[in-house]
Amino acid sequence: MAADKSVRRVALLTAGGLAPCLSSAVGGLIERYSAVAPEVEIIAYLNGYHGLLSGRYVEVTPDVRAKAGLLHKFGGSPIGNSRVKLTNTADLVKRGLIADGQNALQVAAERLVADGVDVLHTIGGDDTNTTAADLAAYLHEHDYDLTVVGLPKTIDNDVIPIRQSLGAWTAAEQGALFARNVIAEHSSNPRMLVVHEVMGRNCGWLTAATAAEYRKWVTAQEWNPGIGLDAGGWDVHAVYVPEATIDLDAEAERLKAVMDENDCVTIFLSEGAGVPSIVAEMEARGEEVPRDPFGHVKLDTINPGAWFAKQFAERIGAEKTMVQKSGYFSRSAAANERDLELIKQCTDYAVDAALRGESGVVGHDEEQGDELRAIEFPRIAGGKEFDPSVEWFAELLTEIGQTS
C-alpha cells in the first residue's frame, strides 16, 4: 500500500493514564508505516496534548524505526503522557500551556499546521479521544486538511461503542498476579480482612475480570489443608462493582460467616463502587472533593478501599485490616499476547485508515456487528457500564456465595 501524496508527515501522541498497550501501540504504528509507507515522516509529541500545545516532539529516525519492535516488550509510554483537556481553558492557562484569551483548539491546530502534520494519531482513553473529537471538529469547521485517527486505551474497558479497549486484558491478568502476593497476607494475622482495590471509576469490568482471572489460578492449584494451605483462605469472598447494588447489612452477615470459617475475608473492590456515598459524606462534612481537569473525582484521594474496610471491619469481627491497590502495578505492565494481537489489528487498521484520509477511533464497533472500523468521533464516549449479569461474572458470584 502506498501513501496518498497528501500524507507526508504523521504525528503520534499518548495521553491520559497509563495502560499496557501504549508502548506497543506506538511501536505498531511505526512498524506499519515503515512497512506500507516508508516515505512518510513520523514525529511523536512528548507528554500528549501537553507536548502538542508546547511544540515539543521527537522525530522517528531510521534507527528508531529499525528497533520499533522493542517497544512491544515494555509498559508505560516511551513518549510520555499527561492529563490535558483542550477545552478546559482555565486549567491550561493555570499550567502555562496557553496564554489568557487564547483558544487551545486553535493553538493545537496551528501547531499541527506549523509542524507540517497531515495525520494525528491519538492513543488514549475516552477523555483523550473525546478531546481528539473536539480537535477534529475544530479542524473540520476551520477547513484544516488533517486526519485524526485514535486508538482506544483504557484498562477499565469502558469506551462506547468499542467492544474491547487495548490493554484491558493485560491489566486484569496483572491485577490477578498482584493479588496472589497480597492475599498471602491473610496468613499474617488472625481474622484478617484484605481489600484489593482495583481501578475502575464508573465501570466494574476490570474488577470483575481481575477477580475471574485470580480465581482461575486458585481453582487450578493443589492444596494441603492439613497444614493450613487451604483454598478457602486464598479465595475471593466478595466482588463489588459500581453497577451492582451492595446490601452492606446482608454482606456483613455473610462475610462474618466467611470470617468464622476461614479466619479471613478477601474483597475485590472497584474503586468506583460506593463513590456517591463517600462524596456525599465528605460534602456533608463541608470537605472539598478533589477533582481532576476533566471534572472527575480524584479516587486516590478519597480512598474507597479504606471506606469499605471501615464499613465491614467491626461488623465481621476483623482483628486486622489491610487495603492494597493494584492499579498502578496493572496499568504499567507490558501487553500480554492476547493484547498484542489486538493492538496489531488496530494499529494496522489505523495506519490504513489514515492513508485513506479516514478519521475516527479504531476498534470493534459493538453497534455495528463488532466490525473493526474507524468509529466516528461523535459516537465515542466514556462511561460504558459493565453488565454484572453476564454469564461468566454471575457464575463467579454464585461460586463464592455472593447474592447481594
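Hi everyone. A quick definition before I start: helices here are DSSP runs of H or I, at least four residues long, numbered from the N terminus. Keep that in mind for helix α8, and remember that this is a predicted model.

Let me begin with α8, then. The side chains of K216 and E213 form a salt bridge, with 3.4 Å from N to O. Why do these two sit about one helical turn apart? Because they are three residues apart in helix α8. K216 counts as exposed because its relative accessible area is 53%, while E213, at 28%, is partly exposed.

There is another salt bridge from this helix, between R215 and D235, where the closest N and O atoms are 2.9 Å apart. This pair links distant parts of the chain, 20 residues apart: R215 belongs to helix α8, and D235 to the loop between α9 (231-234) and β7. Are these two buried or exposed? Both R215 and D235 are buried.

Now, what does α8 pack on? For that we need the sheet. It is an open one with four strands in the order β7-β8-β6-β9, paired in parallel. The edge strands, each pairing on one side only, are β7 (238-240) and β9 (320-325). On average, neighbouring strands are turned by 15° against each other, ignoring direction. Helix α8, residues 205-220, packs on this sheet and touches β6, β7 and β8 (264-270), with its direction at about 140° to that of β8. Helix α13, residues 304-316, lies across β6, β7, β8 and β9 and runs at about 155° to β6.

If you zoom in on β6, residues 192-198, you will find six bridges in the parallel sense to β9. V195 stands opposite V323 of β9 there.

On to the annotated site. The UniProt entry, which is unreviewed, gives a "binding site" feature whose positions include D156, M199, G200, R201 and S330. D156 lies in the loop between β5 (147-152) and α7 (168-183), and it counts as buried because its relative accessibility is 12%, under the 20% cut-off. Setting aside residues up to four places away in sequence, D156 touches M199, G200, R201, C203, W205 and L206. M199, G200 and R201 also appear among the positions in the UniProt feature.

S330 is in helix α14, residues 327-331. At 3% relative accessibility, S330 is buried. Beyond its neighbours within four places in sequence, S330 contacts P20, A171, Q174 and G175.

Please have a look at the backbone in that β5 to α7 loop, too. Most residues other than glycine have a negative phi, and most peptide bonds are trans. N157, in this loop, has a positive phi near 55°, and N157 is buried at 5% relative accessibility. P161 is in the loop between β5 and α7 as well, and a cis peptide bond joins I160 to P161, with omega about 0°. Elsewhere, D143 has a positive phi near 60°; D143 is found in the loop between α6 (126-141) and β5, and at 71% relative accessibility it is exposed.

One more stop: back to charged side chains. The model has 21 salt bridges in total. One of them joins E376 and R373, the closest N and O atoms being 2.7 Å apart. E376 is partly exposed at 32% relative accessibility, whereas R373 is buried at 13%. Which residues make up the network around this pair? Salt bridges with shared partners join D365, E367, R373, E376 and R379 into one network.

Thanks for listening!

Notes:
Residues numbered from 1 in each chain as written. Predicted model: local features only at pLDDT ≥ 70, side-chain atom pairs only at ≥ 80, totals over all residues. Heavy atoms only, no water. UniProt positions renumbered as here; feature names shortened; annotations may be inferred. Buried < 20%, exposed > 50% of the residue type's maximum accessible area, 1.4 Å probe, protein only. Contact = heavy atoms within 4.5 Å. Pairing = 2+ DSSP bridges. Axes fitted to C-alpha atoms, helices over the stretch in contact; angles between N-to-C directions. Salt bridge = Lys/Arg side-chain N within 4 Å of Asp/Glu carboxyl O.
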